[in-house]
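Reader: Hi! I'm in my first year and still learning how to look at a protein model. Could you pick one strand, take me through it closely, and then show me what lies around it?

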Amino acid sequence: MHTVTTYSASETEAFAASLAPHLKSGMVLAFFGGLGMGKTAFVRGLASAHCPDAQVSSPTFALVNEYGGTPPLIHFDMYRVSGYDDLLTTGFFDYLDMGAVVAVEWSENIADMLPLDAVRITFTRVDDTTRTISVEGLSL
């Protein structure tokens, strides 16, 4: 496990950008942590290095955003997903089958349905701007 502390959203983005070269086809990045923890900032950092033209936003209402890149970076928000049938309708499994890198916010809601080799990224609040980010399952 690799753990870092970031003191701003831009530091969270920079840390995520440093992980982008490690992304591989079919990889699932499962984010754990509450509202306002920096999950979308993390994806913004990944995208800045992986597919620089991407305009990253939280997929809360759309459920999924596609950002491009090779392999494509796909961003899910599972906040409103509560079971297998809900998950199936999002297209989650289709993106896995196509070899995309799938970043999943609110992975707590689908924890039992994540691939066993999913990279677990946990965000812990220290104060208003400081976060501890732990990455498990990714060789750095």
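Author: Let's start with the side chains of strand E3, which alternate along its length. Asn65 and Tyr67 point to one face and are buried, while Val64, Glu66 and Gly68 point to the other face and are not. There is a general pattern behind this: in a regular strand the side chains alternate between the two faces of the sheet. Please keep in mind that this is a predicted model.

Which residue on the buried face makes a polar contact with the side chain of Tyr67? That is Asn65, whose side chain meets the side chain of Tyr67 at 3.3 Å. Asn65 counts as buried because its relative accessible area is 15%, and buried means under 20%. You can also use Asn65 to look across to another part of the chain: Ala100 is 35 residues away along the sequence, and the C-alpha atoms of Asn65 and Ala100 are separated by 12 Å.

Now follow strand E3 to its partner. E3 and strand E4 run antiparallel and are joined by 4 bridges. In one of these pairings, Gly68 of E3 has Leu73 in E4 as its bridge partner. The two strands form a hairpin with 4 residues between them. Within that turn, Gly69 has a positive phi of about 90 degrees.

The loop between E3 and E4 also holds Pro71. The peptide bond that joins Thr70 and Pro71 is cis, with omega about -5 degrees. For background, most residues other than glycine have a negative phi, and most peptide bonds are trans. With that in mind, have a look at Trp106 too, a residue other than glycine with a positive phi, near 60 degrees. Trp106 sits in the loop between strands E5 and E6. Its relative accessible area is 16%, so Trp106 is buried.

Back on the hairpin, strand E4 is the place of Asp77. What is the nearest side chain of opposite charge to buried Asp77? It belongs to Arg80, which is 6.2 Å away, and Asp77 has no salt bridge. The cut-off for a salt bridge is 4 Å, so a distance of that kind does not qualify. The side chain of Asp77 does have a polar atom 2.8 Å from the backbone nitrogen of Tyr79.

Where, then, are salt bridges found? In general, side chains of opposite charge can pair when their charged atoms come close. A search of the whole structure finds 2 salt bridges. In one of them, the side chains of Arg44 and Glu13 meet at 2.8 Å, N to O. This pair links distant parts of the chain, with Arg44 in helix H2 and Glu13 in helix H1, 31 residues apart. Arg44 is partly exposed, with a relative accessible area of 32%, and Glu13 is partly exposed as well, at 22%. Another salt bridge joins Arg125 and Asp128, whose closest N and O atoms are 2.3 Å apart. Here Arg125 is partly exposed at 46%, whereas Asp128 is exposed at 64%.

Arg125 also takes us to another hairpin. Strand E6 spans residues 119-125, and E6 and E7 form a hairpin with 5 residues between them. These two strands run antiparallel and are joined by 6 bridges. Ile121, for example, has Val135 in E7 as its bridge partner. On E7 there is also pairing with strand E1, again antiparallel, through 5 bridges. There, Thr6 is partnered by Arg131 of E7.

Ile121 brings us to the interior. Of the 26 residues in the largest nonpolar core, Leu29, Phe42 and Ile121 touch the most other members. The elements that give two or more residues to this core are H1, E2, H2, E5, E6 and E7. H2 provides the largest share, 4 residues. Leaving aside its neighbours within four places in sequence, Phe42 is in contact with several residues, including Phe15, Phe31, Ile121 and Ile133. Apart from this core lies another one, of 17 residues, and Trp106 is among them, together with Val81, Val104 and Leu114. So the tour ends with a residue from earlier: Trp106, buried at 16% relative accessible area.

Methods. Residues numbered from 1 in each chain as written. Predicted model: local features only at pLDDT ≥ 70, side-chain atom pairs only at ≥ 80, totals over all residues. Heavy atoms only, no water. Pairing = 2+ DSSP bridges. Buried < 20%, exposed > 50% of the residue type's maximum accessible area, 1.4 Å probe, protein only. Lys, Arg positive; Asp, Glu negative; His and termini not counted. Polar contact = N/O pair within 3.5 Å; in protein donor to acceptor, adjacent residues only side chain to side chain. Core = buried A, V, L, I, M, F, W, Y, C linked by side-chain atoms within 4.5 Å. Contact = heavy atoms within 4.5 Å.
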